[in-house]
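Biologist: Please take me closely through one part of this model, the sheet and its edge, and then place that part in the rest of the structure.

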Number of protein chains: 2
Amino acid sequence: MMIIEKATGGITAPRGFRAAGVDAGIKAAGLDLALLVSDAPATAAAVFTTNLAKAAPVLVSREHLDRSGGVARAVVANSGCANACTGADGIRVARETAAETARLVGCPIEQVLVASTGVIGTALSLDKVQGGLSRAITQLGADQSLNAARAIMTTDRAPKQAAARLMIGDQLVTVGGMAKGAGMIEPNMATMLGFVTTDARLPQRLAEQALREAVAVTFNAITIDGECSTNDTVMLLANGLSGVTIDETTYDSFVGALRSVCLDLALAIVRGGEGATKLVTVSVTGAASEAEARQAAKAIANSLLVKTAINGGDPNWGRIVAVAGRCGVQFELSGASVTLGSILLFENGVPHDERAPQAAAYLRNDDIAINIHLGAGRAAATVWTCDLSAEYVRINADYRT
Amino acid sequence: MMIIEKATGGITAPRGFRAAGVDAGIKAAGLDLALLVSDAPATAAAVFTTNLAKAAPVLVSREHLDRSGGVARAVVANSGCANACTGADGIRVARETAAETARLVGCPIEQVLVASTGVIGTALSLDKVQGGLSRAITQLGADQSLNAARAIMTTDRAPKQAAARLMIGDQLVTVGGMAKGAGMIEPNMATMLGFVTTDARLPQRLAEQALREAVAVTFNAITIDGECSTNDTVMLLANGLSGVTIDETTYDSFVGALRSVCLDLALAIVRGGEGATKLVTVSVTGAASEAEARQAAKAIANSLLVKTAINGGDPNWGRIVAVAGRCGVQFELSGASVTLGSILLFENGVPHDERAPQAAAYLRNDDIAINIHLGAGRAAATVWTCDLSAEYVRINADYRT
């Protein structure tokens, strides 16, 4: 039997994790360097950006995971500088960051993972990172997760933490996490960073599989503006200190808890999207395949016309149908229906515009659900996004000017 | 020898075309019904939206072209109502519109083409269309192209006309055209309508090929917001009244003139994009294939981050590199370069941020050129777009509220 309940404590909620967040002077002001240390070597898995222009920390972390066979003791993440498009020098700084951390923690360099977010194309100061690390190591604590979550923020409005407890029989497993948002970044990309910890013990193969499964329906099912950055990274560290080993029989329960934490973080990112005023759940049902369902849901979630209509409280089902029609998935207009909340506005090809006032009233809510049923099969997918406001444009246009 | 020079007169610039624009009461106010008549049956070709949710006039025009074998005498286009997502009733109204026009002009029904733009999902009033047609037929004139261009406007800021003269030896051929913009529409989709006329004589096969070639690098190479509407249509009518027949030897010259008219109209659409303050030319060079060059150019032109940076005058080359990196085309970061105007900001993987102030000054211009060289081959493509302003969001959010 599986019981999952939400918990507090972020990345230090599971046993044997300590964290710190310090001001290393990388950003103009505020905490900008987070350190996460596991008391014991942890099984580690990560999902990285598919962008061809991968930042130096992405390349170095990938290399370390390969060399360690998926074992990590520490993670260092900074905000204020993405260390992307920085050539050989950027790689050197990422390596030196890991080396210094390994020395302080007392572990092999390949057991340190690194991540960065912030400005593209400017150099990350190794001096500042080293200075920050020397203070972070002294401030490590099981009660410092909030500072760590703050230290990875860029234009995020608030730190993002989540945790969940899972009872497997009478044994307790905890999952914790923190993330920073895809609200576009000072001044460059929509970097999304996520760090998830657990005191469960997992074989490396299961850790990778669990992370991939959880990310697919959470972090990879949100979109602010369709961008995918040079630095996007989600990492999972499983240190085993609960004494509970996840195997094939408890795998599904564990993934449930992992998914719960990842979803909380992912939805917090969407709610915190730049200029966002509403959380929009886009579900596509009746698709010919899950791939087509996802494709249509992403296209609708990324449509400027749909996002601006939601922002303006306009129940504009025509825009939703038109996006589905152009996005490359197969369906017949005569079999398609659109629902806002529970209000059916377009049913098997026929408009119900008499319900528009009711739908306009519904759009005053903060959480909006859009469904389009394609009538072409049985597959479904859900994607979360936010509305597009004039504020978004101001934030992304006015930086540096 | 080919000489192409710009001309005036829009769709009635070529011999034997008359037009009218009237107020049929479909829009709240202003001209909303355009009629175009050729004195002789014209070879006709058209390119329609690829959206699955095709509007009734698209379906009816496609059917008429099939039945007539590509011959047309008249085109009717209305603004204020897209006649899309309107089911069997919408088809009936589109057919009756063509029937009434055929009766007034004195031609078979299948020689009438129809187009609509405006609100999706509301019924087009046949009464209003018939009333408008009865007046339009009496106002037809070779000097009425401006009224016709006005009658197809929705949120367009200005009517869009173009024309060009082509000398083939000592023979004169004229091409004319009008279009309405992809600035999003009251209150629904970004319909793009284009109508091009010529007094050249073309075999149907060449007319289709010429239109397709011209559209590919003009109307299909612009993007305001990446949407493709239920109603997008570009039509070409060639009535032969110049006495000049286009054959394989003069085909390239003719396409040159056709492309010139289509490009003028397409760029007018981009400049008139909702909230647009700048015309942005995105060129991708050094791509592995033309398809990849086009894919990268479209991705950059549609990127909210790039478009907001241009709006804000921020020479943010990192966003351009990052979009190229995520859009699925192959290249090495170490071989990529980005130029704004003539200012090289990123060269073979190395930033030149010292040139940022110069680039920021350049971005104060109204016409901005972005180039990314991928260093992966020899293929190139150009796409035109506009910047994204807070005004765009206001226009598309605030309608109907």
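Modeller: Start at one edge pairing. In this predicted model, S9(A) runs parallel to strand S16 (residues 379–386) of chain A, and 2 bridges join them. Within this pairing, Ile222(A) sits opposite Trp384(A) of S16(A). Helix H7 (residues 290–302) of chain A packs on the sheet. H7(A) touches S9, strand S11 (279–287), strand S15 (367–373) and S16 of chain A. The direction of H7(A) makes about 20° with that of S16(A).

Now the whole sheet. It is open, has 7 strands and shows mixed pairing. The order in chain A is S9-S16-S11-S15-S12-S13-S14. Its edge strands are S9 and strand S14 (350–351) of chain A, and each of them pairs on one side only.

Next, the domains. The assignment for chain A gives domain 1 as 2–271 and domain 2 as 279–398. The C-alpha centres of these two domains of chain A are 33 Å apart. Where they meet, 11 residues of domain 1 of chain A are in contact with 11 residues of domain 2 of chain A. On the domain 1 side, strand S9 (222–223) and helix H6 (251–271) of chain A each supply at least two residues. H6(A) gives the largest share of that side, 4 residues. By class, the domain 1 side has 7 nonpolar, 3 polar and 1 charged residues.

Step back to the full chain. Chain A has 11 helices and 16 strands. Its radius of gyration is 22 Å, close to the 21 Å that the globule rule gives for 401 residues, so chain A is as compact as a globular protein of that length. Its C-alpha atoms fill a box of roughly 70 × 55 × 30 Å along the principal axes. Of the 401 residues in chain A, 63% are buried. Among contacts in chain A with a separation of 6 or more, 81% join residues 24 or more positions apart.

Two loop residues in chain A deserve a look. Asn83(A) lies in the loop between strand S4 (71–81) and helix H2 (87–105) of chain A. Asn83(A) has a positive phi of about 45°, although it is not a glycine. Asn83(A) counts as buried because it has 31 C-beta neighbours inside 10 Å, and the cut-off for buried is 20 or more. Cys85(A) is also in the loop between S4 and H2 of chain A. Cys85(A) is not a glycine, yet its phi is positive, about 55°. With 27 C-beta neighbours inside 10 Å, Cys85(A) counts as buried.

Chain B comes next. In chain B, an open sheet of 7 strands has the order S9-S16-S11-S15-S12-S13-S14, with mixed pairing. Strand S9 (222–223) and S14 of chain B stand at the edges, each with a single partner strand, so one side of each has no neighbour in the sheet. Inside this sheet, strand S11 (residues 279–287) and strand S15 (residues 367–373) of chain B pair in the parallel sense over 7 bridges. There, Val284(B) stands opposite Ile372(B) in S15(B).

Chain B has another set of paired strands to follow. Strand S6 (residues 160–168) of chain B runs antiparallel to S7(B), with 9 bridges between them. One of the bridge pairs is Ala163(B) with Gly176(B) in S7(B). S6(B) and S7(B) form a hairpin with 2 residues between them. In its turn, Gly169(B) has a positive phi of about 60°. S7(B) also pairs with strand S8 (residues 193–198) of chain B, in the antiparallel sense over 6 bridges. Here Lys180(B) has Leu193(B) of S8(B) as its bridge partner. Strand S7 (residues 171–180) of chain B is mostly covered, with 8 of its 10 residues buried.

Last, the contact between the chains. Here 52 residues of chain B are in contact with 52 residues of chain A. On the chain B side, helix H8 (304–312), helix H9 (317–326), strand S14 (350–351) and helix H11 (390–398) of chain B give two or more residues each. That side of chain B has 23 nonpolar, 20 polar and 9 charged residues. S14(B) therefore appears twice in this account: at an edge of the sheet in chain B, and among the elements that touch chain A.

Note on methods:
Residues numbered from 1 in each chain as written. Chains lettered and ligands numbered in written order. Predicted model: local features only at pLDDT ≥ 70, side-chain atom pairs only at ≥ 80, totals over all residues. Domains from an automatic or database assignment. Contact = placed C-beta atoms within 7 Å. Nonpolar A, V, L, I, M, F, W, Y, C, P; charged D, E, K, R; others polar. Pairing = 2+ DSSP bridges. Axes fitted to C-alpha atoms, helices over the stretch in contact; angles between N-to-C directions. Rg over C-alpha atoms; globule rule 2.2 N^0.38 Å. Buried ≥ 20, exposed ≤ 12 C-beta atoms within 10 Å, placed from the backbone.
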